[in-house]
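Me: I am new to this structure and would like a close look at one part. Please take the helix that packs against two others, and then show me what else is worth finding around it.

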Amino acid sequence: ALRIAENFKTPNSQNNEFYHPYVLDIIRSIIEYDETTLFADFSSISSKYLIESNKTDYIIYKVCEREVKRVNQIKIDYQLDFFIYLSTVRRGIIDISELGFHLKKALALDVNDVNVEAFKSHPFLKRYENKLMFRYDFLEDVFRSIYIANLLNMQELNFDIDSTFIEIVTDKCWFGSPLNSDISNRIKSWAENELLVFNEILQKVNINNDLSLIANLFSLAITINHKFKQNNITENTNLLKDLFGIGNKIAHLSLRNINKDHNVKFDFSGLIVSNSYFDNYNLFWDCTFNDDTKFINCSLINIKNDKKNPSIKASNFVNCSYDSDIENSLKKIEASSQNRNELVKNFVSDFFHLFYSNGRLGRQWEDKIIKPRFPGINRANVDYNKLIKLLKKNKLIVVTLEMNRNKFSINEDKKEEVIKFIKDGTISQTLGIFINELL
């Protein structure tokens, strides 16, 4: 309640802050009502725009309802129509002398002079010289969010993507912004129809390739998605594919200003991402990639890398442009990859040396020799079970059971290859495949 009250205080002529008495009465009732009574009173809200459970909406409704009773003001939703028009089309300000004209334009109906005059003293409005504007700054964004949410709640795209919609989303809907959060809280459902509406919007705005608009639309979709589903890599990737993908191809994606504390990650494994834009998305390196991931004709800037071993390489990028941060990160990754190759090759050589003595490859007990010495040679941090599995898969070792214990030996067909590798580092085709699988 105190947070709500903060929104409704306003400076007076002496620049001291005060609250409208009726607004304070409503806030006091919110504090005093028990939860059941308050919910019952909330449910009495009858408006196509306002949410029953939203305390700010409840105050807006009660103030507008009081105006109907106090001065016989126009219907509540008509008042809201005007406030939406004022916040979106007029950016929160009009000439007082033109109030009647703007009311008629906003409502598409005639408003009598009595109602026009009454609007000049509406608790949500204030005069400044010859202008009329919102008394409380935050109301402008509230009515903007109502406007956007009302459009997105439609089951199909039957509205024009006009300059008003574009300006609000571009200027105000970045990830984590108050407007972004408020809009998402006003979305009633999130299923196939709503995704189709978002998809159609993106297709229309993609024509102009407005990167900020596309990024903010996607940020808004992510926030809504997190309201109805979990914030995890699977759900985030599904949304990415739904809005920007056809099969394994992603195009015209724009990700901007999503920081690590937002924890929004994607799985780009097997995806071909083209003509896309990444700016200040610092969880990029924490996403999942594989050898089949490709970024083609993409731009990547302002992306810091503090991850030691990201699963992406320079070969994943084709004809991309990026700043020095990305370039330096890719160089470090390439160097790290080369170091990893050497580490793994040395480890494999040390492992085979466990079998090598006097120019011959002998047999060794797993529990007596192999496992006890494994930690001492494993500077490459290879998983033991993975190692044994790959050795068997590539038919490099034979495991026999003797006295209920495992005994390892090098496969007779592979001994010559292994001895050459131990002596001079020659890597056969089988060993090459095995080493790559360990990387």
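What follows starts with helix packing and then moves through the sheets, a hairpin and some single residues.

Reply: Start with the setting. This is a predicted model. The protein has 18 helices and 19 strands. It has 439 residues, and 46% of them count as buried. Take the contacts with a separation of 6 or more: 56% of these come from residues 24 or more positions apart.

Now the close look. Find helix α8, which covers residues 137–152. Two helices to compare with it are α10, residues 178–186, and α9, residues 163–172. Two packed helices are described by the angle between their axes and the distance between the axes. We can take each pair in that way.

Begin with α8 and α10. Their axes come within 9 Å. They cross at roughly 45°. An angle from 35 to 65 degrees is neither roughly parallel nor roughly perpendicular, so α8 and α10 are oblique to each other. The crossing is right-handed. From α8, the residues in this contact are D141, V142, R144, S145, I146, I148, A149 and L152. On the α10 side they meet L179, D182, I183 and R186. By class, the contact of α8 with α10 holds 7 nonpolar residues, 1 polar and 4 charged.

Next, α8 and α9. Here the axes lie 11 Å apart, and the helices pack at an angle of about 120°. That angle makes α8 oblique to α9 as well. The crossing of this pair is left-handed. In α8, the residues involved are D141, R144, Y147, I148 and L151. In α9, they meet T164, F165, I168, V169 and K172. This contact of α8 with α9 divides into 6 nonpolar, 1 polar and 3 charged residues.

Put the two lists together. D141, R144 and I148 of α8 appear in the contact with α10 and again in the contact with α9. V142 is listed for α10, while Y147 is listed for α9.

Just before α8 in the numbering comes a hairpin. Strand β4 covers residues 125–128, and strand β5 covers residues 131–134. They pair in the antiparallel sense over 4 bridges. L125 has F134 as its bridge partner in β5. There are 2 residues between the strands. E129 sits in the turn, with a positive phi of about 55°.

That phi leads to two other residues. Most residues other than glycine have a negative phi. N319 goes the other way, with a phi near 55°. N319 lies in the loop between β13 and β14, the latter at 321–322. Is N319 buried or exposed? Its relative accessibility is 62%, so N319 counts as exposed. N381 also has a positive phi of about 55° without being a glycine. Look for N381 in the loop between α15 (366–377) and α16 (384–393). At 65% relative accessibility, N381 is exposed too.

The strand before N319 belongs to a sheet. That sheet is open and has 5 strands, in the order β6-β7-β9-β11-β13. Its pairing is mixed. The edges are β6 (245–246) and β13 (317–318), each of which pairs on one side only. β13 runs parallel to strand β11, residues 294–296, and 2 bridges join them. I296 stands opposite V318 of β13.

A second open sheet has 3 strands, in the order β17-β19-β18. Its pairing is antiparallel. At the edges are β17 (364–365) and β18 (397–402), and each pairs on one side only. Strand β19, residues 405–410, is joined to β17 by 2 bridges. Q364 stands opposite F408 in β19.

Finish with T430. This residue lies in helix α18, residues 429–438. Its relative accessible area is 17%, which is under 20%, so T430 is buried. What does T430 touch, leaving out residues up to four places away in sequence? T430 touches N394, L396, K414 and E417.

Notes: Residues numbered from 1 in each chain as written. Predicted model: local features only at pLDDT ≥ 70, side-chain atom pairs only at ≥ 80, totals over all residues. Heavy atoms only, no water. Pairing = 2+ DSSP bridges. Axes fitted to C-alpha atoms, helices over the stretch in contact; angles between N-to-C directions. Parallel < 35°, antiparallel > 145°, perpendicular 65-115°, else oblique. Left-handed = near helix turned anticlockwise from the far one by under 90°. Contact = heavy atoms within 4.5 Å. Nonpolar A, V, L, I, M, F, W, Y, C, P; charged D, E, K, R; others polar. Buried < 20%, exposed > 50% of the residue type's maximum accessible area, 1.4 Å probe, protein only.
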